[in-house]
Amino acid sequence: MMSPPVTTTEHTGRRPEPPPRPPKKQGPQGALGTVSQIGDRVMSTLATGSGLLVSAAIGLIALFLLITAVPALLQNTANFFTYTGTWVVTGSEMKFGIPAQFYATVVVSVIALIIAMPVALGIAVFVTEYAPPRLAKPITYVVDLLAAVPSIVYGLWGILVLGPAMVGINQWLVDTTGSWLPFFREPQNVANMSTGGTLLTAGIVLAVMILPVITAVTREVFAKTPRSQREAALALGATKWEVVRTAVLPFGFSGYISGSMLGLGRALGETMALLLIISTVGPINFNLLESGQTFATVIANNASEFDTPAKTGAYISAGLVLFVLTFIVNAAARAVIARKGA
């Protein structure tokens with residue numbers, strides 16, 4: 001019989017050497033990833049610093065609003081959340097409240113969203129799914145250019161062009177629906193019918209202003225829909241619209257909501273355009289043909305009278321409420337997006 005082969009250990013009395021390790025992957029400069037590690041650290045530091053800087057800026061703004069508004073709120077003899085009378089911001093008995101400003105701010109913002117959201121969705125779907133490139137690019141450029149128009153130009157257009165054009169429409173709405181629909185009744189301020197300076201006009205102008213924001217975000221998200229999802233739907237025999245409905249819209253829903261909330265943030269804080277269209281206090285009666293003052297316009301309209309800390313604090317308190325309202329809207333949007341992602 002043949003004897004088993006002698007192993008290297010038995011022959012030499014030493015253990016076999018382990019196999020050599022593969023060489024370490026070198027960095028772009030041959031320094032074992034040193035350059036990449038430095039770049040990662042720099043980017044991490046910059047990103048962390050940017051986040052902390054933004055958070056600190058927001059915190060300082062909130063602190064400024066609180067420090068300025070709280071003394072005036074302590075001197076307020078009326079209920080800040082229910083008082084709807086004329087603001088009295090001088091003397092020993094100050095009276096001011098925000099219901100009228102809250103109502104006008106919410107109404108014009110909701111009108112803007114109701115008009116802008118479906119239009120932006122339609123533009124985004126058409127540009128990304130249906131329009132040929134030669135047509136899609138000009139439409140994209142035109143819509144994006146709307147964001148570059150100054151707000152005061154929108155305000156002048158609203159009060160000098162759109163307002164007079166709405167006079168006949170407003171009168172028709174009053175005559176045909178005013179008897180049974182509370183949104184279009186004869187306004188208390190008759191000047192609204194001749195100038196068109198109404199909450200409805202302000203909402204339409206805001207819709208045009210926030211349209212490019214919503215459209216841009218929605219368009220970019222729709223364009224990033226995975227190609228595999230599109231091809232899977234087509235392979236199952238789906239039509240173009242069915243591909244949009246089953247693949248594109250579900251994938252881009254969160255981006256659509258995010259863009260809408262960005263547009264809503266601009267609508268809530270818009271000042272100059274609304275100051276030119278609606279700048280007088282109006283009633284809270286859900287009539288869209290009335291005028292009103294938003295949080296931003298009431299501050300801008302009285303900024304020249306900030307001659308005492310108490311008076312300044314009274315109007316800054318409206319800014320504090322707007323600040324909190326913006327946070328609530330953003331939190332609600334993130335909750336919707338998180339639920340959709342789950």
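**Entry 1: helix 4 and its cover**

I looked up what covers the buried residues of helix 4, and the cover includes helix 3 (99–130) and helix 7 (199–223). The model I consulted is a predicted one. I then listed the buried residues of helix 4 and found Ala136, Thr140 and Val143. Viewed down the axis of helix 4, these buried residues fall within an arc of 70°, so they line one face of the helix. I recalled the general rule that an α-helix has 3.6 residues a turn, so residues three or four places apart point the same way. On the face of helix 4 turned away from its buried side, I noted the exposed residues Arg134, Lys137, Tyr141, Val142 and Leu145. I also checked the length: helix 4 comprises 13 residues (133–145) and reaches 18 Å from its first C-alpha to its last, close to the 18 Å expected at 1.5 Å a residue.

**Entry 2: the protein as a whole**

I asked how many helices and strands the secondary structure comes to. The search returned 12 helices and zero strands. Of the 342 residues of the protein, I found that 38% count as buried. The protein exposes about 19,800 Å², of which carbon and sulfur atoms supply 68%. Turning to contacts between residues at least 6 apart in sequence, I noted that 71% join residues at least 24 apart.

**Entry 3: Thr201**

I located Thr201 in helix 7, which is among the elements covering the buried residues of helix 4. Is Thr201 buried or exposed? Its relative accessible area is 0%, so I recorded Thr201 as buried. I then looked up the polar partners of its side chain. The side chain of Thr201 reaches the backbone oxygen of Gly196 at 2.6 Å, and it makes a polar contact with the side chain of Thr198 at 3.2 Å. Leaving aside residues up to four places away in sequence, Thr201 touches Gly158, Leu162, Gly163, Met166, Gly196 and Ile277.

**Entry 4: Pro187**

I found Pro187 in the loop between helix 5 (151–177) and helix 6 (191–195). Pro187 is buried, with a relative accessible area of 5%. Not counting residues up to four places away in sequence, I listed its contacts as Asn192, Met193, Asn287, Leu289 and Glu290. From Pro187 to Val174 I read 9.2 Å, C-alpha to C-alpha, for a separation of 13 residues in sequence.

**Entry 5: salt bridges**

I searched the whole structure for salt bridges and obtained six. One of them joins the side chains of Glu129 and Arg230 at 2.7 Å, N to O. Glu129 lies in helix 3 and Arg230 in helix 8 (residues 227–235), so this pair ties together parts that are 101 residues apart in sequence. The side chains of Glu129 and Lys240 also meet in a salt bridge, at 3.7 Å, N to O. Because Lys240 lies in helix 9 (residues 240–269) and Glu129 in helix 3, that pair ties together parts 111 residues apart in sequence. I therefore noted Glu129, Arg230 and Lys240 as linked in a network of salt bridges.

I next checked how accessible the members of this network are. Glu129 is buried, with a relative accessible area of 8%. Arg230 is buried at 18%, where the cut-off for buried is under 20%. Lys240 is partly exposed at 41%.

Finally, I looked up the pair Arg219 and Glu220, which forms a salt bridge with its closest N and O atoms 3.8 Å apart. Arg219 counts as buried at 11% relative accessibility, whereas Glu220 counts as partly exposed at 43%.

Methods:
Residues numbered from 1 in each chain as written. Predicted model: local features only at pLDDT ≥ 70, side-chain atom pairs only at ≥ 80, totals over all residues. Heavy atoms only, no water. Helix = DSSP H or I, 4+ residues; strand = E, 2+ residues; numbered from the N terminus. Expected span 1.5 Å × (residues − 1). Buried < 20%, exposed > 50% of the residue type's maximum accessible area, 1.4 Å probe, protein only. Arc of directions from axis to C-beta. Contact = heavy atoms within 4.5 Å. Areas by Shrake-Rupley, 256 points an atom, 1.4 Å probe, with all protein chains shown as cover. Polar contact = N/O pair within 3.5 Å; in protein donor to acceptor, adjacent residues only side chain to side chain. Salt bridge = Lys/Arg side-chain N within 4 Å of Asp/Glu carboxyl O.
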